[in-house]
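Grab a pencil and work through these short exercises. Try each task yourself before reading its solution.

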Amino acid sequence: MESHSAHLRHGDLVTLHGLEPGDLGQLLADGSVLRGAWRKGITIASQGERQAQFFVVLSGQLDVTRSRFDGSRHIIDMVGPGFACGAVTAFAPDPRWPADVHASEPTQALVVPTMSLMAANPASPSRQLLLQWSVRLLAERAAHLNQRAELLSRRGLRARLAFFMMHNCDERGMVDIALTRQELADSLQVSRSSMTRELGRMAAEGLVALHGRAFEVLDSQTLRLLAR
């Protein structure tokens, strides 16, 4: 971890669910949570090592990966602002990181030490607040993992792409992601060449428009049907 700070900007606070600015300030002030910052490419946690904390991303992105035999990385999940990384396994009887965690871009996060949380004074208002917030984070994480499982349950490549786009587009129909084509293919668990060909066909059919790394949904009705 490269740095800690109790200072938070307003922009950081709006990404956090279930905490008021004053609540977070209290947790930072008494050390219940810490502030971490990492450069792009830094490995924050390694598969198999003991886990003493989990992270809540404020800005940037954490990639959860496993290594293949050829040395390449297989992306299991991508965790963006407002969401937790490692919150589920942190509370296991023998907590260990199930995969590697990397900063895929410059990232700032809250670091929540689980052992100090569990050992803290039961009557502490900070502990009660942190426990309540942790429950919310676990619920959100479970919902996210369920959506991830739904994505990977789609058997066809087109169905996975449609599901991904419909669940990641904004109100304008834009899917603006920081992933390279290879990283997106890894996330969808398909080959890059197959995905590139399928994206080209979808663009030719007027379903989507390709703008570099971003996509524009042109026919949301058809994509919704494909994503089922």
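A residue counts as buried when its relative accessible area is under 20%. Keep in mind that this is a predicted model.

**Exercise 1.** Find out which residues of α6 are buried.

*Solution.* Start with the cut-off of under 20%. Residues that pass it in α6 are Arg-181, Leu-184, Ala-185, Asp-186, Ser-187 and Leu-188. That makes 6 of the 8 residues in this helix (181-188), so α6 is largely enclosed by the rest of the structure. Now step just past the end of α6: Gln-189 has a positive phi of about 60°.

**Exercise 2.** Work out how α5 and α7 are oriented to each other.

*Solution.* First, take the angle: α5 (residues 157-168) packs against α7 (residues 192-204) at about 70°, and the axes are 10 Å apart. Next, recall that 65 to 115 degrees counts as roughly perpendicular. The two helices are therefore roughly perpendicular. Finally, look at who touches whom: from α5 come Leu-157, Arg-158, Leu-161 and Met-165, while α7 brings Ser-194, Met-195, Glu-198, Leu-199, Arg-201 and Met-202. Sorted by type, the contact has 6 nonpolar, 1 polar and 3 charged residues.

**Exercise 3.** Decide which strands stand at the edges of the sheet ordered β2-β7-β4-β5.

*Solution.* Read the order of this open, 4-stranded sheet, whose pairing is antiparallel. At the edges are β2 (43-45) and β5 (73-79), each with a single partner strand, so one side of each has no neighbour in the sheet. On average, neighbouring strands are turned by 35° against each other, direction ignored. Now zoom in on β4 (residues 62-67) and β7 (residues 100-103): 4 bridges join this antiparallel pair. Here you can spot Asp-63 opposite His-102 in β7.

Terms used. Residues numbered from 1 in each chain as written. Predicted model: local features only at pLDDT ≥ 70, side-chain atom pairs only at ≥ 80, totals over all residues. Heavy atoms only, no water. Axes fitted to C-alpha atoms, helices over the stretch in contact; angles between N-to-C directions. Parallel < 35°, antiparallel > 145°, perpendicular 65-115°, else oblique. Contact = heavy atoms within 4.5 Å. Nonpolar A, V, L, I, M, F, W, Y, C, P; charged D, E, K, R; others polar. Pairing = 2+ DSSP bridges. Buried < 20%, exposed > 50% of the residue type's maximum accessible area, 1.4 Å probe, protein only.
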